[in-house]
Amino acid sequence: MRKKRLHGIAFLLGASVIILLAAGVASLLASCDHKPFAFAPDSSVRVRVIFDWSNAPGASATGMSVYFFPSSGSPLRRDFPREGGLTELLPGTYRVLCLNNDSESALLRGTDTPESFEACAPPLPVQDGDGQEPAVSSPGMLWGTGGTDFTVTVPSELPAPESPLVLCPEEQSYIYTVEIVNVRNLAGVSSAAFSLSGMSASLFPGTGRRSPSRSSLCFEAGVEEGTARLTGRVLCFGVSEAEDTSHRLTLSVALRDGSCRRISFDVSGQVNRATDRRHVHIRLDGLTIPAPAGEEGGGFQTGVDDWSTETRPIDL
């Protein structure tokens, strides 16, 4: 009986000690001046990247690359689906660019700084018909944004809220279309191509500038069966920023007899005076293509050699 009483007393004493300790801790906590936790300056912050496509509602981009250029340090690249996603960045100020990353044609260089960041059209191992300009092909369609400033701050509470970054991509590529109507002898053409001189081979998204040198843009010409039309459409970076603002459209055709012919037109007026500089349409009316040898009107034809090098001004 005495042992049971001692055990009971010990239990009550133990419980009293626990109660007193708990009360003491509560009193101590109540008397403290609480301060919120903060991340160390070198801790990452979660950033929620959101792509707002309202400026390009028809965009078909499937993925985007975002380039973060810190005020000091090396640039960072993060890839996202077209809706955006979550990443982590160190606190600081960034210059931000973005471009779709599903283009199989465009080349990038100078990605160390936003000013030198350059999207380039693929070069071709040929020159234009006169050998005066380097030739390039289409870079494809690009969507993106120019330079945007974004600051990541050190969070003052845990869990740290996400820092939102909203980017509004726009069309970065230009669309040029060509139409030649009332074309004779199209039946003798096996393939055709256009080249347009005085174009830009690159774009600097961070500054909005284009190449200061001229290039010739090469693209396919469509021969429409049963019609008298040649058409073409190409995505590009627009005209160059060179002082020379002339533009020559060259049509090269391969005839069914294996021969090739070429003719050029001065289209400077249509290009330079286009109402919408991002969507330029060039239209020509009337053209006779030399017939292949062995066909009616074929063989030796007066003026065929001239047709290969002739330049015609276009009245607007």
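**Figure 1. Close-up of Gly146 in strand 10.** Gly146 belongs to strand 10, which covers residues 143–152 of this predicted model. Its relative accessibility is 28%, so Gly146 counts as partly exposed, because that class lies between under 20% for buried and over 50% for exposed. When neighbours within four places in sequence are set aside, Gly146 is in contact with Val96, Leu97 and Pro205. Cys168 is 22 residues from Gly146 in sequence, and the C-alpha atoms of Gly146 and Cys168 are 9.7 Å apart in space.

**Figure 2. Close-up of Ser202 in strand 15.** Strand 15 comprises residues 202–204 and includes Ser202. With a relative accessibility of 3%, Ser202 counts as buried. The side chain of Ser202 is joined to that of Glu118 by a polar contact of 2.6 Å. Glu118 also appears among the contacts of Ser202 outside four places in sequence, together with Ala119, Cys120, Arg210, Ser211 and Phe237.

**Figure 3. Close-up of residues 298–306 and 309–316, where pLDDT is below 50.** Across the protein chain, the mean pLDDT is 82, and 78% of the residues reach 70 or more. Over residues 298–306, by contrast, pLDDT stays under 50, and the model has ten contacts beyond four places in sequence for this stretch. Residues 309–316 also have a pLDDT below 50, with 21 contacts in the model beyond near neighbours in sequence. Predicted coordinates should not be read in detail where pLDDT is low.

Note on methods: Residues are numbered from 1 along each chain as its sequence is written. This is a predicted model: local features need pLDDT of at least 70, side-chain atom pairs count only at pLDDT 80 or more; totals for chains, interfaces and linings use all residues. Side-chain values use heavy atoms; hydrogens and water are left out. Helices (H or I, at least four residues) and strands (E, at least two) are DSSP runs, numbered from the N terminus. Buried means under 20% relative accessible area, exposed over 50%, partly exposed in between (1.4 Å probe, protein chains only). A polar contact is a pair of N or O atoms within 3.5 Å; within protein, one must be able to donate a hydrogen and the other to accept it, and residues adjacent in sequence count only if both atoms are side-chain atoms. Contact means heavy atoms within 4.5 Å. pLDDT is the predictor's confidence in each residue, from 0 to 100.
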